[in-house]
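Open the model in your viewer and keep the selection box at hand. We will go from stop to stop, picking out a few residues each time.

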Amino acid sequence: VQNTVQHVLLQAEDMQQQIIRETFHLVSKRDDNVCNFLEGGSLIGGSDYKLIYRHYATLYFVFCVDSSESELGILDLIQVFVETLDKCFENVCELDLIFHMDKVHYILQEVVMGGMVLETNMNEITTQVDVQNRMEKSEGGLSAAPARAVSAVKNMNLPEIPRNINIGDINIKVPSLSPF
Amino acid sequence: MALKIVKGSIDRMFDKNLQDLVRGIRNHKEDEAKYISTCIDEIKQELKQDNIAVKANAVCKLTYLQMLGYDVSWAAFNIVEVMSSSKFTYKRIGYLAASQCFHESTDVIMLTTNQIRKDLSSPNQYDTGVALTGLSCFVTPDLARDLANDIMTLMSHTKPYIRKKAVLIMYKVFLKYPESLRPAFPRLKEKLEDPDPGVQSAAVNVICELARRNPKNYLSLAPLFFKLMTSSTNNWVLIKIIKLFGALTPLEPRLGKKLIEPLTNLIHSTSAMSLLYECVNTVIAVLISLSSGMPNHSASIQLCVQKLRILIEDSDQNLKYLGLLAMSKILKTHPKSVQSHKDLILQCLDDKDESIRLRALDLLYGMVSKKNLMEIVKKLMLHVDKAEGTTYRDELLTKIIDICSQSNYQYITNFEWYISILVELTRLEGTRHGHLIASQMLDVAIRVKAIRGFAVAQMATLLDNAHLLTGNMQRMGICEVLYAAAWICGEFSEHLENPMQTLEAMLRPKVATLPGHIQAVYVQNAAKLFATVLKSQEGNTDSTAAQETSQLMIDRLPLFVQSANLEVQERASCILQLVKYIQKLQQKDVEVAEEVSALFAGELNPVAPKAQKKVPVPEGLDLDSWINEPPSESESEDEQPKAIFAKEEPKHSRPRREEVDEKELAKRREARKQEQANNPFYIKASPSSQKVYQEAPGVEHIPVVQIDLSVPLKVPGLPMSDQYVKLEEERRQKERAEKKKKEKKKRKEKRSGRGKKHDSGPESEEDITPAHQVDIVTEEMPENALPSDDDDKDPNDPHKALDIDLDKPLADSEKLPVRSHRAAEAPKSPTEDGDATSQEPKKKSSKEKREKKKDKDRDRKKSKEEKKKKKHKHEEKGEDLLGGEAEEPVVQSEETNEVAAPPTSTSAEVSDLDFWLSNAPVPSNTQETATVAAAEAAPMPEATSGIAPDSEPDEPKDTEMEETKSSKHKKKKQKKEKEEKEKKKKKKHHHHHHHSDGGGEEAVQNGTVEEEEPLPPMSNYCLLAENSYVKMVYDIQGNLQDGSQVVVSVIFENKCDSFLKSMEFNVLDSLNSKLQRPEGSGPHDGLTVPFQLPPGVSNEARFVFTVQSIIMPQKLKGTLTFIVKNEDSSTHEKLDFKLHFTCTSYLITTPCYSDAFAKLLESGDLKCSSVRLEGVNMPFHHLLARICFHHHFSVVERIDSCASMYSRSIQGHHVCLLVKVSAQTVSIDAKCDEPTLLGNVLDEIKQTFSQC
């Protein structure tokens, strides 16, 4: 199970961990058939803030937003983010995110910047991510060819079989925004 | 060498990468900490290597570890190293790590400034993008200040990808460096109409975020946003804009009126729930803002409530939740429309989702009325019984109390019922809110006199059954109510049926298990009870009963004397001794009851919670001054006491008591009594001192309570609140029947009698009279309590600093720092800095900084003053704005025109907004405003278009911009006439709103006060010289800091097709006025103009002149030399000019209060002069505006067609004007301490008006 908590990056490490723990505690005990908003406690900055989350298989995507954001809009944004992950990782699964946290961050940075919504158009996001990945490849990447070969071998004894997140099914109930 | 590289890459094969690290951590679940610490050791080794790839890999892993909660701040420098790698891959890793790990106290951030600047200007857009993203997370005030200009440049980058990031990050920059807001704002505004939707969305995002915190500064953008709203199809943008309008409407009711229609259309048409929801929200905000003035919006309310009902009924919990949320907003102003959906909301209380239940509870809070309170609370009590989790139950409990106690128990008609509810609540298992119930009990018992008898009876029962409450450790929270019960029984013991029984209950040994503070109250109140019991017993003939009571006390109190709690012990032993003494007296058959009860005589009055804060500081009391001077540091601590004791000086030791004689004592006592009588915090012994209060009705003024005999006074045993519901029903029915018989007149009288309680409930509410004519004792406030209620504001809010007036033209001092290395505070070279002032040598730069600071401070002060003024003088408001306007627009010049700060003409904008608001939404109208916005946004032609056609009639209209502007103006005028009638109708309305909204927005005030005609655009720039190559216009302003300096701003415009370069500006100095030249240059050297001009471009430069005497106008001859460069040839050209220093240009707009102004006139130091202007045909406010604008005056006061104005010269001369107008004659009486100056200024004013 994975938490992505936004907007609290500036806190000290222990505080950050506490926030993530408490958020996880709050979110994970909620049923699937309750609403996706949680009123802000003192931990996340007071009553102006809300936790908005979505639950995909074993993953929770949690955004913490203040009252200047539209609640339903953020729900859609999470959907966009997850769909983008799906595209970029080609059928994303939990382990993809766990093993490629850096890449998740890069994608997230194209969606949200410094705590503000940057882009909501999925095509635009994927294009920019792709271009940057290609640039990285052309530079040889962090782990050049030989290292990748080794890594491929290492990957063979994965402890768990990745479970796919089926995004298509979850999608339907969401009130979609019209195309941007 | 090659071998080394190969070896390096082979080594790397065996380095762990991020994936290996993650896998490792997953495989070491048991000893994770140990595994990670070995990993960190490895990482430290890797960081020591030279290979940047290895380092980047290490930093990448560190970022992951940071995410897991490990401190990696030690690697901050390595992160900076990786950030500065030239390869994108590594750079990105570095910036990601920085954005995760850096915060304001990270000291290496200082080192990154130049690296970030380099990346920002990188040719690769992704380098720039990565830097912007990183910076957005760790920007500090220093970084913001140093990089603001670079980021601002990026806002006009060719790539939309960069533009949108740059726009977005500006918000962070503003937060950290508020000074950047004004210079950057014009460009930000321009981005609202960027062709790229992403950039546009980002700009909307930033402005909405800014406007949310300080909406009034953004009201002038309303037309632009309105246009975006009606044209945009991007739902994100729409949502943001609609949310923004929600924040703006409270400030400008006319805006709301304009919004209703398009919003309703959107509500009907959109399929996106998110958009629908936000529309409904904003419509609600509009309706709230209109609620006072507009009666006919019930359709809109109905629509909203309907849509919300659909949301609430939806099976999607999210929609349900939001529907309830929005419903609670409507509730505040239109409770009736919500109350009809009570069924739905009560239904939501049963929802399985706690968030929804809580929302529904919130709604209930606002839905109660006198009529339904009992019913709703009964429902809630049922839920309390059912609730499984303690948190939700506690929430219910607090809500019940909130609902009942809201607005001073407004809805409670039967306090017996309420007390029973409170008592019932004490039976809750394991609640944490015992103290809450206790405080309610105390509050009600103290403040509702009529209920005391009943309350005391209930409390006595509670005390009797205390074992039920304390039986189980889990219930410890609830035992707090015993605190209240004991106090109430003691304090109001005269109401007790059987005080003896209660006394016994309070002295049971079990009490010793209660918390200390409760025991203390028990002991103290046992004493009070004892006094009461004695009193009743002594009345009887049997004296043994009284002695037995004393014996009981003496027997039981030792238990408390042994208490470990200091408070309990102390009280108990005091009282024990007292009782023992009483017993002695009793044995001598002395009647003591009277004296014992005197111990507890007097009544406590409730004090308002804010009373302490509101006590005004008495005159002459300085809380900051020392009462005793602190000992100087030279005196050692040992010496001090020694000195006192050794010398035994009576002066320094305490005053000797023995010497004070009886008389003196009596005197002092009297004085103290006097003091106490005036001291609001002193609990009065006698009720007569109540009269001191003027406002709070004294206790004895409260009408005597009449208890309605139709209500049975007592319900035997522990009360069941349900019984009251029934009883209440019956009573009401009875009452209704009775009322029908009565005449209507009487009812009216009654209503007006209770006018103080504002009833917002339905009319039928009025029919319900409370069971007892209950008077709730108001809480006391100190006399002269300060009325201000602003103590809730958070002084640390970062957005406070962003409360900046954006319509005011940019001042000189507000420029963003230009690219330069910060460490070296060296003078900026002229090519780098467009500002002529900074061409001065080194010494100045530090001084300048200081000046800037001063400047800021003054600006802030000024705006404060202006705000104050606004509050005070209603009429002055409009004029005040005009005064502010008179600060001439200053065009900022920057290297290659990067920073364009167009002089936004306030008057034009204000009247635009006003005009826009006062019209029906005509499409052409909005387009017009768009062109204005575009014109204002376009930096280049702005400088010239700022010259108004009518203020400079001899100015040829050669630029396109000007034409559009003037034609627009004409068009407007035509339209004006057409709609004049319509407007006049509306006028009434505007005024109405204007009053209702109190201290609204400046711009609007102006509009409403000077409704008749918008001000024409004005400019102070006048032609300096012109030939076929170049045109120069100039304006002169006094330097605020230096009494001997004026700044000449010259706009150079290239009129030809060639490139103009090497421009040199030179002036022939006179004895009185000299051009300031950089140190080292001769007195006849010209100044290089710090820019070149491509064809068709204009730019501004400033030149500083020193002047000695300012009482006379003066002309200086000068020359501009320049090179005209074609593709094949270049020629030297020159242009002669005459700089005209008017006396006006030595005046500085200075606000002046009317009292200060009056003092000035009375002082008699001023010489008089006057002038008459014939045939001036313009509205008075235009006339004033012109004087303000062109001659730097500010209006002090305006009464009808007469106004006083003030200005100050740079050398401190006061200039006062009294302007009167009758028919077409304007007479100006003027006073000034320098007659020559005055004469010249008046001549110049005369000339201004002769020109138009």
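Select residues 101-111 of chain A, which make up helix H4. How many of the eleven residues of this helix are buried? Ten of them are, so H4(A) is mostly covered. Colour the buried ones as you go: Met101(A) and Asp102(A) at the start, then Val104(A), His105(A), Tyr106(A), Ile107(A), Leu108(A), Gln109(A), Glu110(A) and Val111(A). Keep in mind that this is a predicted model.

**The rest of chain A**

Now widen the selection to the whole of chain A, where 53% of the 180 residues are buried. The chain holds seven helices and six strands. Walking from the N terminus, you meet these elements in the order β-α-β-β-β-α-α-α-β-β-α-α-α. If you display contacts between residues with a separation of 6 or more, 49% of those in chain A link residues 24 or more positions apart.

Next, colour chain A by pLDDT. The mean is 70, and 66% of the residues reach 70 or more. Which element of the chain has the highest mean pLDDT, and which the lowest? Helix H5(A), residues 122-138, has the highest at 90, while helix H7(A), residues 167-170, has the lowest at 34. Two stretches deserve a selection of their own. Residues 1-12 of chain A stay under 50 throughout, and the model gives them 37 contacts beyond four places in sequence. Residues 144-180 of chain A are also below 50, with 59 contacts beyond near neighbours in sequence. Where pLDDT is low, the predicted coordinates should not be read in detail.

**Two buried residues in chain B**

Move to chain B and pick Cys101(B), which lies in helix H6, residues 88-101. Buried or exposed? Cys101(B) is buried, because its relative accessible area is 6%. Leaving out neighbours within four places in sequence, show its contacts: Gln66(B), Val72(B), Ile79(B) and Thr106(B). Then add Cys137(B) and draw a C-alpha to C-alpha distance: this cysteine is 36 residues away from Cys101(B) in sequence and 9.5 Å away in space.

From there, go to Gln115(B) in helix H7(B), residues 109-120. Why does this glutamine count as buried? Its relative accessibility is 13%, and the cut-off for buried is under 20%. Again setting aside neighbours within four places in sequence, Gln115(B) touches Met83(B), Ser84(B), Lys91(B) and Tyr95(B).

**A pair of helices**

Select residues 222-231 and 235-248 of chain B, helices H13(B) and H14(B). Their axes are 10 Å apart and form an angle of about 140 degrees, and the crossing is left-handed. Turn on side chains to see who meets whom. H13(B) brings Ala222(B), Phe225(B), Phe226(B), Leu228(B) and Met229(B), and H14(B) brings Leu238(B), Ile241(B), Ile242(B), Leu244(B) and Phe245(B). By class, that contact has ten nonpolar residues, no polar ones and no charged ones.

**Sheets further along chain B**

Now look for the open sheet of five antiparallel strands, ordered S1-S2-S3-S7-S5 in chain B. Which strands lie at its edges? They are S1(B), residues 1022-1026, and S5(B), residues 1073-1075, each of which pairs on one side only. From one strand to the next, the twist averages 30 degrees. Zoom in on S1(B) and S2(B), residues 1030-1038, which are antiparallel and share four bridges. One place to centre the view is Glu1026(B), whose bridge partner in S2(B) is Lys1031(B).

A second open sheet has four antiparallel strands in the order S6-S4-S8-S9 of chain B. Its edges are S6(B), residues 1087-1088, and S9(B), residues 1130-1141. Select S8(B), residues 1114-1125, together with S9(B), and you will find twelve bridges between these antiparallel strands. Leu1120(B) faces Leu1135(B) across the pair.

**Last stop: a hairpin**

Finish with S12(B), residues 1194-1199, and S13(B), residues 1202-1209, an antiparallel pair joined by five bridges. Arg1198(B) stands opposite Ala1203(B). Two residues lie between the strands of this hairpin, and Asp1200(B) there takes a positive phi near 50 degrees.

Conventions:
Residues are numbered from 1 along each chain as its sequence is written. Chains are lettered from A and ligands numbered from 1 in the order in which they are written. This is a predicted model: local features need pLDDT of at least 70, side-chain atom pairs count only at pLDDT 80 or more; totals for chains, interfaces and linings use all residues. Side-chain values use heavy atoms; hydrogens and water are left out. Two strands pair if DSSP finds at least two bridges between them. Axes are lines fitted to C-alpha atoms, for helices over the stretch in contact, and angles run from 0 to 180 degrees between N-to-C directions. A crossing is left-handed if the near helix is turned anticlockwise from the far one by less than a right angle, and right-handed if clockwise. Contact means heavy atoms within 4.5 Å. Ala, Val, Leu, Ile, Met, Phe, Trp, Tyr, Cys and Pro count as nonpolar, Asp, Glu, Lys and Arg as charged, and the others, Gly among them, as polar. pLDDT is the predictor's confidence in each residue, from 0 to 100. Buried means under 20% relative accessible area, exposed over 50%, partly exposed in between (1.4 Å probe, protein chains only).
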